[in-house]
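Please consult the sequence and the three-dimensional model shown here while reading the explanation below.

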Amino acid sequence: QALTEVYGEYGCGKTQFCHSLCVQVQRSKEEGGLDGSVLYIDTENTFRPERIVSIANANGMDPEKVLDRIIVARAYNSAHQTLILEESGPVIKEHNVKLLIADSAVGLFRAEYLGRGTLSARQQKLNHFVHMLSRIAETYNCAAVATNQVMASPDVFFGDPTRPVGGNVVAHTSTYRIYFKKSGKKRIARMVDSPHHPEEEVIFALGEAGVIDLDSDVAKKTKKTITPKKTIVKKTETVKTKSKETTDAPKADEKIADATEKDTVPDTTELKDKIPDTTELKDTIPDT
């Protein structure tokens with residue numbers, strides 16, 4: 001019975017988060033779900049049934065049954081978006097809808113009402129839509145999730161310049177406000193506003209199963225990296241044995257060189273026999 005607003009820049013995982021909620025809400029209450037259907041108001045044409053199929057298969061659920069319990073309403077302008085929400089009461093009752101998603105809630109209003117001249121009219125109609133979304137969630141006992149876009153604040157020189165669109169109208173109406181940020185392949189979700197939750201950050205990732213916990217992936221990666229270390233140790237041992245062989249090789253070469261030097265040097269006793277005696281030469285030379 002509350003409205004949760006999720007805002008962040010493009011590619012941070014807002015739509016993937018909504019797709020994951022469409023599957024997880026259909027689980028039984030014992031498994032952490034609500035055992036109900038989903039009403040998905042798509043204003044940016046980002047809903048993909050193929051993504052629902054992959055998330056359902058990864059979570060061990062039947063994709064056809066999951067898709068049968070998702071009602072998608074495509075909104076083409078802000079008036080159509082408001083009309084869909086106004087006429088959603090009988091649909092919620094008939095199909096036991098437990099999750100109401102507006103992706104995104106402010107996109108069409110932002111595109112149609114341009115400039116400062118139309119700002120007051122935009123904020124009034126946006127206020128009507130957001131209050132009606134929270135009122136329907138409270139009346140029919142279901143959860144409501146609205147995604148929001150961001151804008152860059154030019155007067156911020158230090159820190160994060162991104163600010164959510166919609167101003168104080170959307171900020172005061174939403175019960176929970178969550179900010180999604182990109183950090184490489186990781187995603188960071190920060191609780192900005194909540195009645196009973198502290199302001200803290202949680203790191204998650206996007207995978208085949210939708211929004212997944214990062215700890216499980218890190219554990220798998222560390223297990224995989226342990227095995228190549230053993231092979232590296234074996235390689236170093238072989239290198240050591242090779243180095244020993246290379247160090248022994250010069251010693252063998254030195255021994256061979258010593259043996260060859262001994263063979264080439266002539267024996268001094270043989271030379272003594274060949275040299276004639278000097279006394280005999282003295283007798284042969286005549287006296288001057």
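The paragraphs below treat the internal cavity, the salt bridges, the aromatic pairs, a helix and some backbone features in turn. The model is predicted, and local features are described only where pLDDT is at least 70.

A search for enclosed space is a convenient starting point. Rolling a probe the size of a water molecule over the atoms shows where empty space is left. The structure holds 1 cavity of 30 Å³ or more, and the volume of the largest cavity is about 40 Å³. Its lining is made up of Leu 3, Glu 5, Ala 105, Val 106, Val 130, Ala 146, Thr 147, Asn 148 and Val 170. Two strands, strand 1 (3-8) and strand 5 (143-148), each contribute at least two residues to this lining, and strand 5 gives the largest share, with 3 residues. Sorted by class, the lining comprises 6 nonpolar, 2 polar and 1 charged residues.

Glu 5, one of the lining residues, also leads to the salt bridges. The whole structure contains 6 of them. In one, the side chain of Glu 5 meets that of Arg 177, with an N to O distance of 2.7 Å. Because Glu 5 belongs to strand 1 and Arg 177 to strand 8 (residues 176-183), the pair ties together parts that are 172 residues apart in sequence. Is each partner buried or exposed? Glu 5 has a relative accessibility of 2% and therefore counts as buried; Arg 177, at 10%, is likewise classed as buried.

A second salt bridge joins Asp 35 and Arg 69, whose closest N and O atoms are 3.6 Å apart. This pair also links distant parts of the chain, 34 residues apart: Asp 35 is in the loop between helix 1 (14-24) and strand 2 (37-42), and Arg 69 is in the loop between helix 3 (63-68) and strand 3 (70-74). Asp 35 is partly exposed, with a relative accessible area of 39%, and Arg 69 is partly exposed at 26%.

A third salt bridge brings together the side chains of Arg 190 and Glu 201, at 3.8 Å from N to O. Here the linked parts are 11 residues apart, with Arg 190 in strand 9 (residues 186-193) and Glu 201 in strand 10 (residues 201-207). Arg 190 counts as partly exposed at 22% relative accessibility, and Glu 201 counts as partly exposed at 45%. Both residues take part in a network of salt bridges that links Lys 181, Arg 190, Glu 199 and Glu 201.

The aromatic residues come next, with a count of 5 aromatic pairs. Tyr 7 and Tyr 179 form a stacked pair, 5.0 Å centre to centre with 10° between the planes. Tyr 7 lies in strand 1 and Tyr 179 in strand 8, 172 residues apart. Both tyrosines are buried. The ring centres of Phe 109 and Phe 129 are 6.1 Å apart and their planes meet at 50°, so this pair is tilted. It links helix 6 (residues 107-112), which holds Phe 109, to helix 7, which holds Phe 129, the two being 20 residues apart. Phe 109 and Phe 129 are both buried. In addition, Phe 17, Phe 180 and Phe 204 form one aromatic cluster.

Phe 129 directs attention to helix 7. What span should its 21 residues have at 1.5 Å a residue? The expected value for helix 7 (residues 119-139) is 30 Å, and the end C-alpha atoms are 30 Å apart, which agrees. The buried residues of helix 7 are Arg 122, Gln 123, Leu 126, Phe 129, Val 130, Met 132, Leu 133, Ser 134, Ile 136 and Ala 137. An α-helix has 3.6 residues a turn, so residues three or four places apart point the same way. Val 130 is also among the residues lining the largest cavity.

Some backbone features remain. Most residues other than glycine have a negative phi, and most peptide bonds are trans. Asn 141, which follows helix 7, is not a glycine but has a positive phi of about 55°. Asn 141 is placed in the loop between helix 7 and strand 5 and counts as partly exposed at 45% relative accessibility. Asp 35, already met as the salt-bridge partner of Arg 69, also has a positive phi of about 55° although it is not a glycine. Finally, the peptide bond between Asp 103 and Ser 104 is cis, with omega about -10°; Ser 104 lies in the loop between strand 4 (97-103) and helix 6.

How values were computed:
Residues numbered from 1 in each chain as written. Predicted model: local features only at pLDDT ≥ 70, side-chain atom pairs only at ≥ 80, totals over all residues. Heavy atoms only, no water. 1 Å grid on protein atoms, 1.4 Å probe; cavity = no way out; pocket = protein on both sides within 12 Å on 5 of 7 lines; lining within 4 Å. Points joined across faces, edges and corners; volume = space filled by probe spheres on them. Helix = DSSP H or I, 4+ residues; strand = E, 2+ residues; numbered from the N terminus. Nonpolar A, V, L, I, M, F, W, Y, C, P; charged D, E, K, R; others polar. Salt bridge = Lys/Arg side-chain N within 4 Å of Asp/Glu carboxyl O. Buried < 20%, exposed > 50% of the residue type's maximum accessible area, 1.4 Å probe, protein only. Expected span 1.5 Å × (residues − 1). Phe/Tyr/Trp six-rings, centres within 6.5 Å; stacked < 30°, edge-to-face > 60°.
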